[in-house]
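Trainee: I should like to go through the terms used for this structure and the reasons behind them. May we begin with the chain as a whole?

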Amino acid sequence: MPDIRIDLYSDTKTRPSAAMLAAMTSAPVGDEQTGEDPTTLALEERVADLLGKEAGLFMPSGTMCNEAALAVHCRPGDEVIADETSHIGGFESGGPAAIAGVMVRAVPGVRGVFSAEQAEGAIRLPMRHTPNSRLVSVEQTANLGGGTIWPLETLQSVAQMARSRDLGVHMDGARLMNAVIAAGVAARDYAATADSAWIDLSKGLGCPVGAVLAGSKDFITEAWRWKQRLGGAMRQSGVLAAAGLYALEHNVERLAEDHANAKLFADLVVDLPGIALDPATVETNIVVFDVAAANLGAPEIAERLAAASIRVGALGAATMRAVTHLDVDEAGVREAAAELAAILDA
Ligand SMILES: *Cc1c(COP(=O)(O)O)cnc(C)c1O
């Protein structure tokens, strides 16, 4: 494995800063399973308030937030409507089926965003033969869509449709704060369109571990049972929650730098031979681009970049993804683009 200096593979590659580690080591802690960890309780309250929900629940990962939420919203045999690129559908090892017993009805959105009409069209006719359509799940921002922001009006129309048809709405807000900073819309306004929502602390916010799920008091009571059942209940979790509180204080506004760096990267590579990319689609910190017309396939390009200590992900044979974050600065982005140019020109 070559030593990677500039890692654009994912915003999960961030490492806790010295100041974050200091906050972690000085956090007051207790047993979270008996409600005695003050730092975890503070983080849960902070995120519940941020998202305008009654209660929050600290989880080891965003994946567990999704699995627990689906299990609370749905019964086995139910169907959840989600985009065809969704994390729940493609990147959770079949968890929705294995854990909640639900099927994912995949909707072909535009860069990860579907309309209320599309979602309504995916609702099953209520027949003995069909699964019960129970939930709509939206991803803010849409990861595989290229960090696409769901416009507030689209979320509102999906929510209105869902409520009128007796469906719940779940928001996978792994990168919700990226949307908040890029669009200037309050997190609680986005989250108001969903019954349950969560944010990831270990993506752009820079924590080593953790996510927080939020919803009504009753919803969180049930989600706690799933957290316990899945082995996600912790003990002195305040050590981890402290990183989350630190991140919400210090690492939210700065997401704007990641967005500027992603736009810069897109602008620097858009005219390179073999690259197909519309820079206007770069809305947050993710740049997905096509290399079908390039001299090399995506895995080979990724390999050559890695030989130069730079990592960009190959999502498929001809698709690549670069993700900016707090451990890559503007100089790093410029260097990565220059190396990509050298590889494609060769
Ligand atoms: C990363 C991610 C998840 C899962 O979060 P983890 O904390 O890695 O488990 C879920 N949804 C989306 C959109 C993600 O990007």
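Mentor: The chain has 14 helices and twelve strands. Helices (H or I, at least four residues) and strands (E, at least two) are DSSP runs, numbered from the N terminus. This is a predicted model, in which local features need pLDDT of at least 70 and side-chain atom pairs count only at pLDDT 80 or more, while totals for chains, interfaces and linings use all residues. Residues are numbered from 1 along each chain as its sequence is written, and side-chain values use heavy atoms, with hydrogens and water left out.

Trainee: What makes the chain as compact as a globular protein of that length?

Mentor: The radius of gyration, taken over C-alpha atoms, is set against the globule rule, 2.2 Å times the number of residues to the power 0.38. The chain's value is 20 Å, close to the 20 Å that the rule gives for 346 residues, so the chain is as compact as a globular protein of that length. Along its principal axes, the C-alpha trace spans about 60 × 55 × 35 Å.

Trainee: Why is Asn178 called buried?

Mentor: Buried means under 20% relative accessible area, exposed over 50%, and partly exposed in between (1.4 Å probe, protein chains only). Asn178 has 3% relative accessibility and therefore counts as buried. Of the 346 residues of the chain, 54% count as buried.

Trainee: Where does Asn178 lie, and which residues is Asn178 in contact with, leaving aside its neighbours within four places in sequence?

Mentor: Asn178 lies in helix 8 (residues 176–183). Contact means heavy atoms within 4.5 Å; with those neighbours left aside, Asn178 is in contact with Thr141, Leu255, His259, Thr284 and Asn285.
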